[in-house]
Amino acid sequence: MKTFKQPLPKESEQYYLKKSKEGDIDARNTLIEYNMRLVAHIVKKYNSPERNTDDLISIGTIGLIKAIDTYDINKGNRLVTYASRCIENELLMMLRQERKCSKEVSLYEPIGTDKEGNEINLLDIIEYHGKDITDQVVLNDDIRLLYSAITGCLEKRELTVLSLRYGLFGNEILSQREVASILNISRSYVSRIEKKALSKLALELNRTHTDNCTHRKNSP
C-alpha cells in the first residue's frame with residue numbers, strides 16, 4: 001500500500017477547512033491529500049484477495065471528498081470523525097452493490113438445455129412468469145427434472161450450497177459469504193463447491209435431455 005502523509009495539526013486543518021468552504025480548490029486538495037492515510041486505514045477492513053486495493057481506495061476517497069464538502073466547521077468535531085463515517089458509508093454502498101450484482105450474475109449461469117436444445121439457467125426455472133399453458137407444462141416438467149437432478153447427482157454439501165445460493169427448496173437467496181458463514185467454511189471453498197455442483201448438475205441435465213431424446217426417437 002502507498003505511503004500517505006501524516007494528518008494535519010488541528011489548527012492547520014481548521015485553516016484549510018475554512019479556505020475550502022470559501023471555494024479554495026487548493027485548500028480542498030490539501031485536505032484530501034493529508035487525509036488519505038485515513039482512507040487507507042479504513043480500506044484495510046474491506047480488503048480481500050478478490051478486491052483491488054486501489055479500487056477500494058478510490059471509492060474511499062469519494063467518501064472523503066464528500067466529507068470535506070459537507071463538513072460543518074461549527075459543530076466542533078474533528079474532520080477525521082466525520083470523514084470516517086462517510087468513507088465507511090461509501091465502501092458499504094459498494095459492497096451492497098457488489099453483493100446484488102453477484103446474485104444477478106450467478107442466477108444467469110447456464111445449467112443445461114431444455115427439450116428443444118435451448119440453453120436454460122436457474123433464473124428461467126425459479127422466476128418464470130409466462131402465461132402460455134403449453135409453456136407452463138414444459139416449465140413444470142423442467143422444474144421436476146431440475147429438482148430430480150439436484151437431489152440425485154449432488155452430494156449433501158453441494159445440495160446445501162446450491163439450495164442456499166439460489167433459493168431452492170424454499171430457502172432465501174444468499175451470497176457466497178453468507179453461505180460460508182452458515183456452513184463455517186471459507187468463501188473460496190463455497191465458490192469451489194458451487195462451481196463443481198453446477199458442473200455436475202449441467203452434465204446430469206444434459207444426460208437426461210439426451211436420454212429423453214433417444215427414448216422419443218425409439219418410441220413407436
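The following paragraphs describe the nonpolar cores, one helix pair and one loop residue of a predicted model. Residues are numbered from 1 along each chain as its sequence is written, and side-chain values use heavy atoms, with hydrogens and water left out. Because the model is predicted, local features need pLDDT of at least 70 and side-chain atom pairs count only at pLDDT 80 or more, whereas totals for chains, interfaces and linings use all residues.

The largest nonpolar core (a set of buried Ala, Val, Leu, Ile, Met, Phe, Trp, Tyr and Cys residues joined through side-chain atoms within 4.5 Å) has 25 residues, of which Met-36, Val-39, Leu-64, Leu-79, Ile-87 and Leu-91 touch the most other members. Two or more residues of this core are given by each of helix 2 (25-34), helix 3 (36-43), helix 4 (53-70) and helix 5 (79-107), where helices (H or I, at least four residues) are DSSP runs numbered from the N terminus. Helix 5 supplies the largest share, seven residues. Another core, of eleven residues, lies apart from this one and includes Leu-154, Tyr-166, Ala-197 and Leu-201.

Helix 3 is largely enclosed by the rest of the structure, because six of its eight residues are buried (under 20% relative accessible area, with exposed over 50% and partly exposed in between, for a 1.4 Å probe and protein chains only). The buried residues of helix 3 are Met-36, Leu-38, Val-39, Ala-40, Ile-42 and Val-43. Leaving aside neighbours within four places in sequence, Val-39 is in contact with Ile-57, Gly-60, Thr-61, Leu-64 and Ile-87, contact meaning heavy atoms within 4.5 Å.

Helix 2 and helix 4 pack at an angle of about 135°, with their axes 10 Å apart; axes are lines fitted to C-alpha atoms, for helices over the stretch in contact, and angles run from 0 to 180 degrees between N-to-C directions. That angle makes helix 2 oblique to helix 4, since angles under 35 degrees count as roughly parallel, over 145 as roughly antiparallel, 65 to 115 as roughly perpendicular and the rest as oblique. Arg-28, Leu-31 and Ile-32 of helix 2 make the contact with Thr-61, Leu-64, Ile-65, Ile-68 and Asp-69 of helix 4.

Ile-73 lies in the loop between helix 4 and helix 5 and, at 27% relative accessibility, counts as partly exposed. Although Ile-73 and Leu-17 are 56 residues apart along the chain, their C-alpha atoms are separated by 7.4 Å. Beyond its neighbours within four places in sequence, Ile-73 is in contact with Gln-14, Leu-17, Lys-18 and Lys-21.
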